[in-house]
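Okay, thanks everyone for coming. I'll just talk you through what's on the screen, so please follow along with the sequence and the 3D view.

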Amino acid sequence: MAMLEVKDLQVYYGVIQALKGISFEVNQGEVIALIGANGAGKTTTLHSLTGLLQAEQGSIEFEGHDITKMPAHKIVEMGIAHVPEGRRVFSQLSVYENLKMGAYTRKDKNEIAESLSNVYKRFPRLEERKNQRAGTLSGGEQQMLAMGRALMSRPKMIVMDEPSMGLSPIFVNEIFNIIEEVSAGGTTVLLVEQNAKKALSIANRAYVLETGNIVLSGDAEVLMNDDSIKKAYLGE
């Protein structure tokens, strides 16, 4: 059984249908890339999975549980963490306070402290700046903070929306190395990313979205060498 199973998902913004009955699945331990042009429905898909948008039709199952109508905080408790587009850090709070916010659904103080220690090991820069206001960090550091905050909920699956957006090439490489580390540590990853070449280079499988429909899916390496994908998304 797939860890995440999406069936015939239909989502509207008013009268505009953003998702037109998409179906896909994510297996435990995979890195799955969702690629497509702006407006294809990628962010809408993630918002539907994490309870920020309600589906009009279709179903979302996570580890055999129907989460289609579940509120966002309950979905976090189920084990899905969301790294939103544009980072969305709490700019007036310190790095440390932002990280603690990621653990708001957890109760055990010792386990929270252990998670914080693990986040600092993975992101030494965050520990160096733990008392600094999040709004004063660079874009790359804010992305690390958003990822660290998501990891504080101890997720089984992490969904990331455009983690490389607006970052320098050096930070892009660093962020993708971290995504691979997170995956190697046993966390399943669903990745929405404009940089299709980078996304496909670390993914196991990928789905291609066009105007609210999945038009192509398959092994990431195969899609990377597909002429239509190269032309449309890889700039080749």
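Let's start with a network of salt bridges that links Glu-128, Arg-129 and Glu-141. Keep in mind as we go that this is a predicted model. Arg-129 takes part in both contacts here. With Glu-128, the side chains meet in a salt bridge at 3.2 Å, N to O. With Glu-141, the salt bridge comes in at 3.1 Å, again N to O. That second pair links distant parts of the chain: Arg-129 sits in the loop between helix 5 (124-128) and helix 6 (139-151), while Glu-141 is in helix 6, 12 residues apart.

How buried or exposed are these three? Glu-128 is exposed, with a relative accessible area of 60%. Arg-129 counts as partly exposed, at 24%. Glu-141 counts as buried, because its relative accessibility is 9% and the cut-off for buried is under 20%. As for the general idea, side chains of opposite charge can pair when their charged atoms come close.

So how many salt bridges does the structure hold? Nine. Let me show you another one: Lys-7 with Glu-5, where the closest N and O atoms are 4.0 Å apart. Lys-7 is partly exposed at 44% relative accessible area, and Glu-5 is partly exposed too, at 22%.

Right, those two bring us to strand 1, which covers residues 4-13 and pairs with strand 2 in the antiparallel sense, over eight bridges. If you want a spot to look at, find Val-11, whose bridge partner in strand 2 is Leu-19. The two strands form a hairpin with two residues between them, and Gly-14 in the turn has a positive phi of about 65 degrees. Strand 1 also has strand 4 (residues 57-62) as a partner, antiparallel again, over five bridges. There, Gln-10 stands opposite Gln-57. One general reminder while we're looking at strands: in a regular strand the side chains alternate between the two faces of the sheet.

Now stay on strand 2 for a second. How many aromatic pairs does a search of the whole structure find? One. Phe-24 and Tyr-207 form that pair, and it's tilted, with 5.4 Å centre to centre and 55 degrees between the planes. It links distant parts of the chain: Phe-24 is in strand 2 (residues 16-26) and Tyr-207 is in strand 9 (residues 205-210), 183 residues apart. Both rings belong to buried residues, with Phe-24 at 4% relative accessibility and Tyr-207 at 6%.

Strand 9 takes us on to the open sheet. Six strands form it, in the order 6-7-8-3-9-10, and the pairing is mixed. Which strands are at the edges? Strand 6 (80-83) and strand 10 (213-219), each pairing on one side only. On average, neighbouring strands of this sheet are turned by 15 degrees against each other, if you ignore direction. For a parallel example, take strand 3 (residues 31-35) and strand 8 (residues 188-192), which pair over four bridges. In that pairing, Leu-34 stands opposite Val-192 in strand 8.

And remember helix 6, from the beginning? Helix 6 lies across strand 6 and strand 7 (157-161), running at about 170 degrees to strand 6.

Let me give you one more helix, helix 1, residues 42-49. Six of its eight residues are buried, so helix 1 is largely enclosed by the rest of the structure. Which ones are buried? Lys-42, Thr-44, Thr-45, Leu-46, Ser-48 and Leu-49. After helix 1 comes Gly-51, with a positive phi near 80 degrees.

Okay, let's zoom out. The chain has 10 helices and 10 strands. Its C-alpha trace spans about 45 × 40 × 35 Å along the principal axes. A compact globule with 236 residues would have a radius of gyration near 18 Å, and the chain's 17 Å agrees with that. Of those 236 residues, 50% count as buried. And if you take the contacts with a separation of 6 or more, residues 24 or more positions apart account for 66% of them. The pair of Phe-24 and Tyr-207, at 183 residues apart, is a nice one to rotate to if you want to see two distant parts of the chain linked.

That's my tour, thanks for listening.

How values were computed. Residues numbered from 1 in each chain as written. Predicted model: local features only at pLDDT ≥ 70, side-chain atom pairs only at ≥ 80, totals over all residues. Heavy atoms only, no water. Buried < 20%, exposed > 50% of the residue type's maximum accessible area, 1.4 Å probe, protein only. Phe/Tyr/Trp six-rings, centres within 6.5 Å; stacked < 30°, edge-to-face > 60°. Pairing = 2+ DSSP bridges. Axes fitted to C-alpha atoms, helices over the stretch in contact; angles between N-to-C directions. Contact = heavy atoms within 4.5 Å. Rg over C-alpha atoms; globule rule 2.2 N^0.38 Å.
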